[in-house]
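Here is a brief report on the fold and a few of its residues. It moves from the whole chain to the sheet, the helices and single positions.

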Amino acid sequence: MTTSIATITDIEARTGTRAADTADGYIAPSLAEVPRLGTVLGIWAHPDDEVYLSGALLAAAAAAGQRVVVVTATRGERGTDDPETWPPARLARVRSQEIVQSLAVLDRGRGRIEHRFLGDTQGVCHLDGGLAADPAAGTIDELAAIVDEIAPDTVLTFGPDGMTGHPDHRAVSAWTDRALAGAGRQPRLLHATVSEGWVRDFGSLVTAMDEGEDVFSPSPAGSLAVDLVLSGDALRVKLAALRAQASQTTATELAVGTELYRAAVAGEWFRPAAVRSPRARRLARCRVG
Ligand SMILES: [Zn+2]
């Protein structure tokens, strides 16, 4: 399917948002279309965000020869209901190893998936649960430098709602926006979301498990840029990568049972970020002075 440039420009002018790559809104409606995303940069808050939200996508990209870079803001040291057994320093150590092992499962020895913790190059450690209050001094420049260095075609991150409403997720979304505003090259920006079907099938289950902490607002099918339904090998690899982050996933899988857990992680969805079109930015600049 092809879309004329005139049509895309028209959509941008009408909605003020970056148009998706095809007339029906989808860039990657299936794993076979993942190569259209090009070099992928994921920017996330905690280890496990990347595998839950994009594990199969990353594995498909690596298998297709695309470069994949995952940036994580924190070590996730508060991700436990049992801080006596898992004091922050211990959990930070464990989760730092788990994410590397998990990405290795997705990479399958190809050496195409890289991982970095945000702040490492500056000797800064961003704290789990503390990103909303983090002044991000230097962080935006660091992220912008990463974008310039990697030159991604596609950036994956949270939307302004943080997908679950988590303050760390929302902070990372805002940091990414600010970094892209200062970066020289503007990649396609996609925000993680869930489908209406997922909320219908699993929303109440997640809400019950986390006592209403997570709030999901689904995206209608027509607004999605990536809409992956996973089965077979892709789902098996994603499950193995999830299980490699055992400190976060074992208890959940045991609580709901493997069959339901597998079904709940068998989809990955992204929507195009609502950004001002180049035309809108030009007009805004013209009005100044
Ligand atoms: Zn998270």
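## Fold and packing report

This is a predicted model. The protein chain has 10 helices and 7 strands. Of its 289 residues, 41% count as buried. Among contacts with a separation of 6 or more, residues 24 or more positions apart account for 76%.

**The sheet**

The 7 strands form an open sheet in the order E3-E2-E1-E4-E5-E7-E6, with mixed pairing. E3 and strand E6 (226-229) are the edge strands, and each pairs on one side only. Neighbouring strands are turned by 20 degrees against each other on average, direction ignored. In general, strands of a sheet pair through backbone hydrogen bonds, either parallel or antiparallel.

Three pairings are set out here, each with one bridge.

| Strand pair | Sense | Bridges | One bridge pair |
|---|---|---|---|
| E1 and E2 | parallel | 5 bridges | Val40 and Val68 |
| E1 and E4 | parallel | 3 bridges | Gly42 and Leu156 |
| E2 and E3 | parallel | 5 bridges | Val70 and His115 |

Is E1 enclosed or open? Because 5 of the 5 residues of E1 are buried, the strand is largely enclosed by the rest of the structure. Both faces are covered. Val40, Gly42 and Trp44 are buried on one side, and Leu41 and Ile43 are buried on the other. As a general rule, side chains in a regular strand alternate between the two faces of the sheet.

**Helices against the sheet**

E1, H2 and E2 make a right-handed β-α-β unit. H2 lies across E1, E2, E3, E6, strand E4 (154-157), strand E5 (188-193) and strand E7 (267-272). H2 runs at about 170 degrees to E1. Helix H5 (residues 167-182) lies across E1, E4 and E5, running at about 155 degrees to E4.

**The nonpolar core**

The largest nonpolar core holds 65 residues. Leu58, Ala61, Leu106, Val172 and Val226 touch the most other members. H2 gives the most to this core, with 10 residues. In soluble globular proteins, nonpolar side chains tend to be buried together.

Leu106 has a wide set of partners along the sequence. Leaving out residues up to four places away, Leu106 touches Gly55, Leu58, Ala59, Ala62, Ile113, Val237 and Ala241.

**Helix H7**

H7 covers residues 232-243. What span should its 12 residues give at 1.5 Å a residue? The expected value is 16 Å, and the end C-alpha atoms are 17 Å apart, which agrees. The buried residues of H7 are Ala234, Val237, Lys238, Leu239, Ala241 and Leu242. Their cover includes H2, H3, helix H8 (246-256) and helix H9 (258-264). An α-helix has 3.6 residues a turn, so residues three or four places apart point the same way.

**Two residues of H3**

Leu103 lies in helix H3 (residues 88-107). Leu103 counts as buried because 24 other C-beta atoms lie within 10 Å, and the cut-off is 20 or more. Beyond residues up to four places away in sequence, Leu103 touches Val70, Ile113 and His115. Val70 and His115 are also bridge partners between E2 and E3. Leu103 and Ala59 are 44 residues apart in sequence, yet their C-alpha atoms are 8.5 Å apart.

Ala104 is also found in helix H3. Is Ala104 buried or partly exposed? Ala104 has 16 C-beta neighbours inside 10 Å, so Ala104 counts as partly exposed. Ala104 and Ala241 are 137 residues apart in sequence and 8.0 Å apart in space, C-alpha to C-alpha. Ala241 is one of the buried residues of H7.

**Two positive phi values**

Asp48 is found in the loop between strand E1 (40-44) and helix H2 (49-63). Its phi is near 105 degrees, a positive value in a residue other than glycine. Asp48 is buried, with 24 other C-beta atoms within 10 Å.

Arg108 is found in the loop between H3 and strand E3 (113-117). Phi of Arg108 is near 55 degrees, again positive in a residue other than glycine. Arg108 has 13 C-beta neighbours inside 10 Å, so Arg108 counts as partly exposed.

Definitions and conventions:
Residues are numbered from 1 along each chain as its sequence is written. This is a predicted model: local features need pLDDT of at least 70, side-chain atom pairs count only at pLDDT 80 or more; totals for chains, interfaces and linings use all residues. Helices (H or I, at least four residues) and strands (E, at least two) are DSSP runs, numbered from the N terminus. A residue is buried if 20 or more other C-beta atoms lie within 10 Å of its own, exposed if 12 or fewer, and partly exposed in between; C-beta atoms are placed from the backbone. Two residues are in contact if their C-beta atoms, placed from the backbone, lie within 7 Å. Two strands pair if DSSP finds at least two bridges between them. Axes are lines fitted to C-alpha atoms, for helices over the stretch in contact, and angles run from 0 to 180 degrees between N-to-C directions. A nonpolar core is a set of buried Ala, Val, Leu, Ile, Met, Phe, Trp, Tyr and Cys residues joined through C-beta atoms within 7 Å. The expected span of a helix is 1.5 Å times one less than its number of residues. A crossover is right-handed if, with the strands pointing away from the viewer, the path from the first strand over the helix to the second runs clockwise.
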